[in-house]
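User: Please walk me through this structure. I will ask short questions and would like short answers.

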Amino acid sequence: MITKQQLVVVGNGMAGARFVEDVLARGGRDRFSITMFGEEPYGNYNRILLSSVMAGSHDPKDIFLNSLGWYEENGVKLHAGVRVGWIDRLSKKVYAPGGVTAAYDKLVIATGSSAFVPPMGGLYDQSGEFKPGVFAFRTLDDCDRMIKYAGKARRAAVIGGGLLGLEAARGLLNRGLEVHVVHLMSYLMEAQLDALAGGMLHRLLEKMGVRILLEKFTTAVLGDDAVTGLAFKDGSKLDCDMVVISAGIRANVDLAKQSGLTVERGIVVHDDLSCRNDTNVYAIGECAQHRGQVYGLVAPIWEQARVLADVLTGGNKRALYTGSRVSTKLKVMGIELAVMGDKDPKREDDEVVTYVEPSRGVYKKLIVREGRLAGAILLGDGLAAPRLLQVFDREDPMLDDRSELLFPMSGEAKTPSVAEIPDTAQICNCNGVSKGKIVAAVKAGCRTVKAVCDATRAGTGCGSCKPQVQAVVAFACDGAVEEDPAAHYYVPGVALTKPALIKAVREQDLRSVSAVFKGLAGGREDLGSKVGLASLLKTVWGKEYEDERDARFINDRVHANIQKDGTFSVIPRIYGGVTSPEQLRRIADVAEKYNARMVKITGGQRIDLLGIPKEKLPDVWNDLGMPSGHAYTKAFRTCKTCVGTDFCRYGVGDSTGLGIKIEKRFQGIESPHKMKLATAGCPRNCSEATTKDIGAVAIEGGKWEVYIGGAAGSRVRKGDVLCIVDSQDDVLKCMGRFMQYYRENGKYLERTYDFVERTGIDALRRLLVDDADGICARLDADIQAAVDAYDDPWTESRKPVHPNQFAGTVAVAGR
Amino acid sequence: MISAPPSTDRTLNLGPIEQIPPGEGRRFQIGNVPVAVFRARDGQVFATQALCTHKAGPLADGIMGAGKIVCPLHSYTFDLATGAPLGHTCKALKTYPVSLSADGDILLSIEGQRPSSREGKQP
């Protein structure tokens, strides 16, 4: 039996407790005996919500994350209300008053921070405590005392016009006090905002009744037995009977300093979060300094907790914390504010985009550096925030048209912010999931968008509500959403991104779905991953792919689209939507012979026979004598055309001829999601080519515009012009090139419109038109190989891959 | 179509497991009871009611793996061994005891169910 190591955690705040949760989640209870020290006499609570307790919108008992019982249940020994006095790093022991000691093998310091109290006169009474009426706003006890005192106070001064100060001001205002914010700097929240945004916030707050004093240096608290006012350096005074100090925070590093650890602004740690001069001691949270940064927001701190849990449990020994890009969404007195990265340009070539609407208090500012978002301020508009945060966090390339990011809903009805909509409002229209249900899932412990979606089924239908689901989740956990690492995996069951997965598949020569589970997932089959893997392997190996049919969705096992009653729909290919009387007669005969319950013209200009039982599919195909239309699979679907030059008075290009060529060339080409195409014979665009995955529009002079990334489904998006070419052959060539690039780089079930936005049209032009990386010849060859490998799947009517491939009900074999 | 499987008191012989491709399911009709039988890639066999408790989707056409089945219509997932709903609140699936004979025949037990005399002949 292995003896357990002693893991001691000093600090039971949001960093320390979260770290212990993460250790337990990784099976750490088998490896460690865990002892925690917490200065406050409670379990662990969500400090971010203290301001809501102050404002009266949350009850103190609602902000607890872990009760004292939780520690007991999980075998964690908690010394609550005990402040550690000394760490002896030589004998590896921590000492606390009352003879409490704990020996450690690994020690984690998560002592957090405390309120910074600027030097001023009259703060303390004779016992050395704050004078009655003076408060620092940091702990639940502070909050409790402030609420009690506010009940009999009339006029409060908040020293500090930063985020915490304004939160405190909101709380006091809600409790009916007259509130003055006293700020040292020339505008509010100068750490996050520029002067213009600070000024707008100032006016919004004044409208709500907050009085604001700028450039005021407080020299003394007045009053003998209790607070009666403040005195300022300029000689002026303010009468008040309550003072709240929130002038910033300072890392709690005294313990670390006394114990000889390297301390600057915080405890200096390496990328594995161990201390600079003692690798058995680690520091995380607001007391830690990593690469010169001390973080005060919850997201980076939780990331540190996760990394350290990985390091210590061996779940991922090479886990490293490499710093965080800081972004946050705040609610200052009901005013929506999101800030990320730099607030002002830093380099000469930084591009600054601003939009200002003073009357409504809307201000939007983007700092763009090298085509990526380096920073942003969004005041008074919560709608644009989720997209911007995503672009910032992932360092995605920016759209050329910046306004699309600033005004994401332009052209659509304005939707209210998630905070305002009622709990009964339906967010996911496919599965009927309300805002209330999502909030409840978050409260029940779902911390990632994926966990919420799994628990509620929100966003699992057409997926178009995902941004709103994300917004509700962020709202429900007050901005502290966790990112699910699996969000970057190609499929959930194999912990690799698409490029890494393709590389591993090639290196280990994995040609079937079960070989991938064996080689890359520890032999664990994952049913949510089978279909995506099958698609990827087919793209990687082509004809060399070892086709296990059970990894296909039913549609791809029987080459037809399953309907709600278990019957199937049959759509033969009609190249370019051009048919003939003879073909129509044959289709009509088949429809009658097999009792098609509905005959329907599809949106892609074809004919759908609905209500065909599975076992009749081979006969229907044989009688039709037409190739598969692939209307059931993630592949090239159809190319819609207009009549082009043959009959149309306006046509300038032969869109019909081109459409037929496109369908003949690309039929059956599989891809991460379906590809719907169209060609238009003139810019009137009757076939709607500009809102297709790929489209071609004829323009005067014998030229064609090639569009990519259009959409007219659950999302509507005009495609981007990839290039303008001179001939139909060139259209085919660049369409094929884009298809192959999308096949290789698109995530499973990522439509072209998301893929094009994620990659960036500029980048795609460089790669596919300018051939900046020299990959075009290979892409052209690979799409040609895929075209050459095409077999009409409907020929399986004559040679099924299994005798029961199309069996509806298996006849029981007698013996 | 049902011909005449020999059966013990409770067990029906549905014939060779090779009737079902590896990793897939197929639907069998036992009297008036449709049953979905599944053949996992690791050799395990499962049997459940044929239609999903959500909206009667054909479960034998679903994707299976790791002891679970996903209905092809709306992706509701169930545990194959117990029939329990996974991540949703639809009713559990009925499951039936099923095993393989020494020759690799599927042996299915359906309490109180026999091929009806109209469709199948009793031995």
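User: Are A:Trp70 and A:Tyr71 buried or exposed?

Analyst: First, a word on the source: this is a predicted model, where local features need pLDDT of at least 70, side-chain atom pairs count only at pLDDT 80 or more, and totals for chains, interfaces and linings use all residues. Residues are numbered from 1 along each chain as its sequence is written, chains are lettered from A and ligands numbered from 1 in the order in which they are written, and side-chain values use heavy atoms, with hydrogens and water left out. Buried means under 20% relative accessible area, exposed over 50%, and partly exposed in between, with a 1.4 Å probe and protein chains only. By that scale, A:Trp70 and A:Tyr71 are both buried.

User: How many aromatic pairs are there over all chains?

Analyst: Rings of Phe, Tyr and Trp (its six-membered ring) pair if their centres lie within 6.5 Å. Planes under 30 degrees apart count as stacked, over 60 as edge-to-face and the rest as tilted. By this rule, the count over all chains is 16 aromatic pairs.

User: What is the angle between the planes of A:Trp70 and A:Tyr71?

Analyst: These two rings form an aromatic pair, 5.0 Å centre to centre. The pair is edge-to-face, and the angle between the planes is 90°.

User: How many residues apart in sequence are the parts that A:Tyr490 and A:Tyr748 tie together?

Analyst: A:Tyr490 and A:Tyr748 form an edge-to-face pair, 6.2 Å centre to centre, with 65° between the planes. A:Tyr490 lies in the loop between helix H13 (466-476) and helix H14 (498-507) of chain A, and A:Tyr748 in the loop between helix H22 (728-745) and helix H23 (752-759) of chain A. Helices (H or I, at least four residues) and strands (E, at least two) are DSSP runs, numbered from the N terminus. So the pair ties together parts whose separation in sequence is 258 residues.

User: What is the relative accessible area of A:Tyr490, and what is that of A:Tyr748?

Analyst: Both rings are buried. A:Tyr490 has a relative accessible area of 7%, and for A:Tyr748 the value is 19%.

User: Which ring does A:Arg457 lie over?

Analyst: A charge sits over a ring if NZ of Lys or CZ of Arg is within 6 Å of the ring centre and within 35 degrees of the ring normal. A:Arg457 is 3.7 Å from the ring centre, over the face of B:Tyr76.

User: Which residue forms a salt bridge with A:Arg89?

Analyst: A salt bridge is a side-chain nitrogen of Lys or Arg within 4 Å of a carboxyl oxygen of Asp or Glu. A search of the whole structure finds 56 of them over all chains. For A:Arg89, the closest N and O atoms are 2.9 Å apart, and the partner is A:Asp278.

User: Where in chain A does A:Asp278 lie?

Analyst: This salt bridge links distant parts of the chain, 189 residues apart. A:Arg89 sits in the loop between strand E6 (86-88) and strand E7 (93-96). A:Arg89 is partly exposed at 23%, whereas A:Asp278 is buried at 11%. A:Asp278 lies in strand E22 (residues 278-283).

User: Which residue of chain B meets A:Arg557 in a salt bridge?

Analyst: A:Arg557 lies in helix H17 (residues 554-558) of chain A, and its partner in the loop between strand E1 (11-16) and strand E2 (25-30) of chain B, so the pair joins two chains. A:Arg557 is buried, with a relative accessible area of 4%, and the partner also counts as buried at 4%. The N to O distance is 3.8 Å, and the partner is B:Glu24.

User: How many of the 6 residues of strand E36 of chain A are buried?

Analyst: Two strands pair if DSSP finds at least two bridges between them. Strand E35 (residues 636-641) runs parallel to E36(A), joined by 5 bridges, and strand E37 (residues 694-699) pairs with E36(A) in the parallel sense over 4 bridges. Strand E36 (residues 675-680) is largely enclosed by the rest of the structure, because the number of its residues that are buried is 5.

User: Which residue in E36(A) is the bridge partner of A:Thr641?

Analyst: On the E37(A) side, A:Ala680 stands opposite A:Val697. For A:Thr641, the bridge partner in E36(A) is A:Thr679.
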